[in-house]
Amino acid sequence: MSLSGDSAGGITASKAISIAFPTLGAIIETSRLDPVSVNGMVLSVSLPEELRHILLTFEKVNKLENVKAQCVGWHSTERRWDNRACKMTSDNISSVVCVCKYHRRTFKSFSILMSPAVLRNAVLDYVTRVGLGLSICSLVLCLIIEAVVWRHVTKTEITYMRHFCLVNIATSLLIADVLFILAAVVHNTALNYQLCVAATFFLHFFYLALFFWMFTLGLLILYGLLLIFFKITRSVFIATAFSVGYGCPLVISVLTVAITEPKNGYLRSGACWLNWYETKALLAFVVPALSIIVVNVVVVIVVVVKTGRSSVGEGCKSQDLSNMIRISKNVALLTPLLGLTWGFGLATVVDSRSLGFFILLFGTLLDRKVLGSLQYLFWITREALRMSCLSSKRKCSLAKVKIYIDCFFPPLEA
């Protein structure tokens, strides 16, 4: 371990007193969210007042590969390790070089932290990338299909409102998935703190927007089931939906960063995501999301009750079986669209890996009107191709690829 210092006016010769404690790190509690331990000597220094920064080189006690170290200073008043005190300049298997801010009242003891296990899991990383890739591709395909069939499936007010919610759900999740990847890139490449704050803010906002649009869809379902004689205009619905879907998440996200960031408690340690241990900023995501999930569970229960009512005088087993099948289909369709699967893995934000595919499947591909519109558009395209072939006075069969080639690329002797 070596020590050197510089003052505000340049490098000067100064006296420095330091004491190294080889076992103190095992005694001091880390008080952090991540399972970490002190992996070097704890260096307590006493420097002249004019010195502001010190350069420290720590030798690692446990020399493990693929394990990142973190330079920290002991916060005297808060009695915890603080990563704001130091910045790491180099890290290899045997030693770490840190630049630390010295302050005789706040930071005067320094060391390095490490995780007791390998931080990265190759299999988990691969599953995450494949899952997010599938989600993003599914959401893009969902939005393309919605754009193609939009005029055909939004002829009534209620279908317009449903597909309007579905498009915004897909858009919010698509942007959140892309931001999730960008936040991981920002963290893994150790880019600046402000960029990580920005990535976390927008990630928080769009994940909240996803839930609030699911909440809007749940309210729309209740409106269609319970308020039969109450009509809402399209303009009023759009204004209300945007206020709920994007307005509420914006207010929550702005308040969260405004309250916690001045105390440097917005980000969690070691990731571009909301802090939990010091400021409980993660509650600004968990509480709204869980509340919306509870409300949407009630929506599903109402749908099940409404669907399960048998017709008068039709109490036979076939009718009961038909009702059970219809209830099961409704629950299967609504569970991913209303975000109920997030209740199993909310804090880790992992459900988005599969949610994009479920939105495509249950929200678009299993919608009878969407499938009917796609079939109609396919039939129109087929007839247009057939007429084009007939107008060129060639024998065409749409069932054979060779005839398509002859239609669009005539032989040279023709």
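Let me start with Val287, which at a relative accessible area of 44% is partly exposed, and which sits in helix α6, the helix covering residues 283-307. Please keep in mind throughout that what we have here is a predicted model. Val287 belongs to a nonpolar patch on the surface, which it forms together with Trp276, Tyr277 and Leu283, and the four residues have about 350 Å² of accessible area together.

From that patch, let me step back to the whole protein for a moment. The protein has 414 residues, of which 40% count as buried, and it contains 10 helices and 10 strands. About 23000 Å² of the protein is exposed, with 67% of that supplied by carbon and sulfur atoms. If we take the contacts between residues at least 6 apart in sequence, 74% of them join residues that are at least 24 apart.

Now to helix α4, residues 193-226, where we can ask how far apart the end C-alpha atoms are, and what span we should expect. With 34 residues at 1.5 Å a residue, α4 should span 50 Å, and because its end C-alpha atoms are 49 Å apart, the expectation and the model agree. As for its surroundings, 24 of the 34 residues of α4 are buried, so the helix is largely enclosed by the rest of the structure.

One residue of α4 that I would like to show you is Thr216. Is Thr216 buried or exposed? Its relative accessibility is 8%, and since buried means under 20%, Thr216 counts as buried. Once its neighbours within four places in sequence are set aside, Thr216 is in contact with Cys165, Ala241, Val244 and Gly245.

Finally, let me turn to the loop between α5, which is residues 234-260, and α6, where we find Asn264 and also Lys280. As background, most residues other than glycine have a negative phi. Asn264, however, has a phi near 55 degrees, which is a positive value in a residue that is not glycine, and Lys280, likewise not a glycine, has a positive phi of about 60 degrees. In terms of accessibility, Asn264 is partly exposed, with a relative accessible area of 36%, and Lys280 also counts as partly exposed, at 35% relative accessibility. When you look at this loop in the structure, then, Asn264 and Lys280 are the two positive phi values that I wanted to point out.

Terms used. Residues numbered from 1 in each chain as written. Predicted model: local features only at pLDDT ≥ 70, side-chain atom pairs only at ≥ 80, totals over all residues. Heavy atoms only, no water. Helix = DSSP H or I, 4+ residues; strand = E, 2+ residues; numbered from the N terminus. Expected span 1.5 Å × (residues − 1). Buried < 20%, exposed > 50% of the residue type's maximum accessible area, 1.4 Å probe, protein only. Patch = residues over 30% accessible without salt bridge, like charges linked within 9 Å, V, L, I, M, F, W, Y side chains within 5 Å. Areas by Shrake-Rupley, 256 points an atom, 1.4 Å probe, with all protein chains shown as cover. Salt bridge = Lys/Arg side-chain N within 4 Å of Asp/Glu carboxyl O. Contact = heavy atoms within 4.5 Å.
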